[in-house]
Amino acid sequence: MNSVVCIAQVPDTETRIKIGGDGRRIDEAGVKYIVSPYDEYALEEAIRLKEKEGGDVTVLGFGPDRVQQALRESLARGATKAVHVKGESGDADSLGIAKVLAAALRTIPHDLVFFGKQGVGTDNSLVGPMVAELLGYPQINVVTHMETAAGKVTAHREIEGAEEVIEATTPAVITAQKGLNEPRYASLKGIMAAKKVTIDTKSIADLGLADSDVVNQRVTVVSLELPPEKSGGRKIDGGDPAAAAKEIVRYMKEEAKAL
Amino acid sequence: MPGVLVFCEVQDGKLKKASREALSIGRKLAEAAGGDLTAFASDESAADDAGRYGAKKLFVTGAGGYNPEMYTAAMQAAIAQTSPSIVLFGGTSNGRDLAPRLAARLDAGVASDVDRLEWAGSKLKARRPVYSGKAFATVEVSSVPAIATTRMNAFPAEESGGGAAEVVEVSAPAESKAKVVETKVTQSGELSIVEADIIVAGGRGLKEGANFSLIRDLAHAIGGAVGASRATVDAGWIDHQHQVGQTGRVVSPNLYIAAGVSGAIQHLAGMSSSKHIVAINKDPEAPIFRVADLGVVGDLFTILPALTEEVKRAKAH
Ligand SMILES: Cc1cc2nc3c(=O)[nH]c(=O)nc-3n(C[C@H](O)[C@H](O)[C@H](O)COP(=O)(O)OP(=O)(O)OC[C@H]3O[C@@H](n4cnc5c(N)ncnc54)[C@H](O)[C@@H]3O)c2cc1C
Ligand SMILES: Nc1ncnc2c1ncn2[C@@H]1O[C@H](COP(=O)(O)O)[C@@H](O)[C@H]1O
């Protein structure tokens with residue numbers, strides 16, 4: 001069983017977002033980058049499959065040079081190979097990214113392709129199903145549990161108020177949700193082993209794509225703004241619970257119109 | 001004929017709230033862009049409802065329940081008939097599953113989880129929260145069609161009083177590489193936090209899992225959903241479907257009541273766009289107070305029961 005895990009590198013969730021000089025992107029100065037949290041569940045699941053059934057776990061990332069760091073971290077956790085497609089992913093829309101990943105996937109043997117259910121930050125939840133369509137694969141999104149058997153995968157998909165159990169043929173696209181597993185930390189041995197792996201680095205052109213396939217094609221960000229600063233509202237003393245309850249109910253009725 | 005096509009979902013013989021919201025904004029966009037509002041659904045039981053929200057036509061597929069591969073083909077067939085300028089999906093699980101797949105099929109762009117939409121002459125202009133609501137991006141979708149998924153509660157559902165939509169059947173392939181083998185109901189009767197107008201959320205200040213009953217009692221009294229911080233989910237006090245925040249659900253209800261939640265940046269990211277926020281915390285310096293419209297400094301163990309009683313009393317009048 002060979003898996004590929006698509007890794008998005010995103011600003012740390014602690015980051016205080018500042019708008020960059022162009023007014024369309026964040027100011028990257030001082031931003032710490034991490035592997036997108038949902039991709040960690042995806043990676044862990046692929047590593048567990050490899051431990052059970054053998055095969056390779058290839059991590060695949062499209063983006064600038066810093067993406068190599070995310071790939072190294074993933075190798076240290078237990079991925080066996082890494083492919084870095086160099087390029088300004090920040091100028092690509094989701095379908096542009098999906099086209100790059102799909103082209104790279106055609107060069108890597110695989111039975112399953114894993115994604116996070118969303119890239120934390122962009123919060124799009126688009127790239128996984130787009131790749132599935134481009135490659136003609138079935139998709140199972142927002143997965144909290146999965147099992148594999150010869151030529152098929154069975155996975156639990158979270159929907160509103162219910163869970164669907166879906167059976168698909170492989171190759172297939174899986175997008176990981178929190179709850180799928182408990183991601184491990186990198187071991188010292190893993191970190192040492194990761195240093196020996198050469199990251200296979202390519203350009204978009206190496207994959208037979210032109211910038212015009214990828215960059216600013218269909219969706220463009222015209223501006224990025226911070227939400228209006230909340231100053232904090234009224235504060236009251238809750239020492240007298242009955243009085244506090246009355247004031248909250250008054251607020252709910254008269255201001256929130258929620259009762 | 002351009003116009004707007006809206007993917008709709010039916011539940012218990014009625015259109016889901018997310019679909020009604022998407023149809024309502026779709027109708028306004030169709031007026032601006034020119035052309036009719038049309039809808040797509042699994043079956044014709046949606047025809048009356050779709051018409052009430054202004055859809056002239058309802059495309060239906062004989063494919064049965066939701067399946068991304070089959071529905072992609074069926075939507076493609078509907079699009080071939082009307083060539084809409086815009087295709088909208090309510091932000092349900094299925095809407096967000098299908099929109100990207102269809103977009104890749106059509107080489108179209110998608111703005112996902114948008115809370116504002118406007119037709120800017122030949123382009124769809126959308127606003128969407130990014131970095132879990134820490135910023136807002138305005139994007140332009142220039143493909144034909146332009147696709148968007150709408151954020152729940154962001155667009156009011158408004159009927160336009162039209163008659164039943166004309167039903168047109170589109171074909172879908174009979175086979176797909178994936179099928180649903182079982183559906184397990186996980187929260188029967190419980191309102192999902194993404195759909196709720198009111199959310200009552202609990203944090204580690206509850207001290208132990210059993211005390212979530214204080215949150216549940218209040219939520220039931222108000223008719224709201226139960227939310228939770230990640231700390232309580234990680235502690236196993238409550239299922240992660242309830243988690244609000246950067247790695248949970250991003251919600252924007254009319255009213256959000258947080259009790260015993262400190263207001264970590266990742267939690268605030270998920271709820272600070274709520275229209276009205278009430279926070280109960282014993283620490284006057286808790287960061288949650290920075291976003292609260294009404295902050296109550298005090299002990300949740302005495303305030304929550306008093307509040308539940310007061311709500312019941314107010315409702316009884
Ligand atoms: C990558 C990443 C992603 C994350 N994603 C999320 C996310 O999606 N959602 C999320 O919520 N968190 C998330 N977190 C965790 C977040 O950083 C906080 O740890 C978490 O939100 C804290 O939960 P809490 O407010 O319940 O607990 P605490 O921070 O422990 O706060 C408990 C609060 O209860 C108050 N309290 C105690 N007793 C009482 C009482 N008797 N009456 C009234 N008040 C009382 C205390 O004053 C305190 O403010 C994430 C963290 C990381 C690193
Ligand atoms: N530049 C990228 N390189 C590799 N994988 C990516 C990239 N962008 C997104 N992904 C994958 O697609 C998932 C969904 O991202 P998004 O559609 O942006 O929410 C992420 O969790 C990653 O698994």
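**Entry 1: the two chains together**

I began with the boundary between the chains, and I found that chain A and chain B bury about 7200 Å² between them, with 54% of it on carbon and sulfur atoms. I note at once that this is a predicted model, and I keep that in mind for every value below. I then looked up the contacts, where 84 residues of chain A are in contact with 91 residues of chain B.

How many salt bridges lie between chain A and chain B? I found a count of eight, and I picked out A:Glu133 and B:Arg101, whose side chains meet in a salt bridge at 3.1 Å, N to O. As a reminder to myself, side chains of opposite charge can pair when their charged atoms come close. Across the interface of chain A and chain B I also noted 47 residue pairs in polar contact, both residues being at pLDDT 80 or more.

Which element gives the largest share of the side of chain A that touches chain B? I traced this share to helix H7 of chain A, residues 241-255, which supplies twelve residues. When I sorted that side of chain A by class, I had 37 nonpolar, 23 polar and 24 charged residues.

I next followed the strands across the boundary, and I saw that strand E9 of chain A (residues 162-169) pairs with strand E13 of chain B (residues 178-185) in the antiparallel sense, over seven bridges. Within this pairing, A:Glu163 has B:Lys184 in E13(B) as its bridge partner.

**Entry 2: inside chain B**

I turned to chain B alone, which is divided into domain 1 (4-169) and domain 2 (198-316). The C-alpha centres of these two domains of chain B lie 32 Å apart, and seven residues of domain 1 are in contact with nine residues of domain 2. Together domain 1 and domain 2 of chain B bury about 640 Å², of which 42% is on carbon and sulfur atoms. I looked for the residues behind this area, and B:Ser132, B:Lys134 and B:Arg151 supply 69% of what domain 1 buries against domain 2, more than any other three residues.

The rule finds zero salt bridges across the interface of domain 1 and domain 2 of chain B, while the count of residue pairs in polar contact is one, both at pLDDT 80 or more. The side of domain 1 of chain B that touches domain 2 has two nonpolar, three polar and two charged residues.

**Entry 3: a salt bridge within chain A**

Over all chains I noted a count of 37 salt bridges. I chose one within chain A, where the side chains of A:Arg77 and A:Glu40 meet at 3.6 Å, N to O. This pair links distant parts of the chain, for A:Arg77 is in helix H2 (residues 67-77) and A:Glu40 is in helix H1 (residues 37-53), 37 residues apart.

**Entry 4: backbone details**

Before checking the backbone I reminded myself that most residues other than glycine have a negative phi, and that most peptide bonds are trans. In chain A, the peptide bond from A:Thr170 to A:Pro171 is cis, with omega near 0°, and A:Pro171 is placed in the loop between E9 and strand E10 (172-176) of chain A. In chain B, a cis peptide bond joins B:Val144 and B:Pro145, with omega about -5°, and B:Pro145 lies in the loop between strand E10 (135-141) and strand E11 (146-150) of chain B.

Where does A:Val142 lie? I located A:Val142 in strand E7 (residues 139-149) of chain A, and its phi is near 60°, a positive value in a residue other than glycine. I found a positive phi for B:Lys207 as well, near 75°, and B:Lys207 has its place in the loop between strand E14 (198-202) and helix H5 (212-222) of chain B.

How values were computed. Residues numbered from 1 in each chain as written. Chains lettered and ligands numbered in written order. Predicted model: local features only at pLDDT ≥ 70, side-chain atom pairs only at ≥ 80, totals over all residues. Heavy atoms only, no water. Domains from an automatic or database assignment. Contact = heavy atoms within 4.5 Å. Buried area = accessible area lost by both parts, 1.4 Å probe. Salt bridge = Lys/Arg side-chain N within 4 Å of Asp/Glu carboxyl O. Polar contact = N/O pair within 3.5 Å; in protein donor to acceptor, adjacent residues only side chain to side chain. Nonpolar A, V, L, I, M, F, W, Y, C, P; charged D, E, K, R; others polar. Helix = DSSP H or I, 4+ residues; strand = E, 2+ residues; numbered from the N terminus. Pairing = 2+ DSSP bridges.
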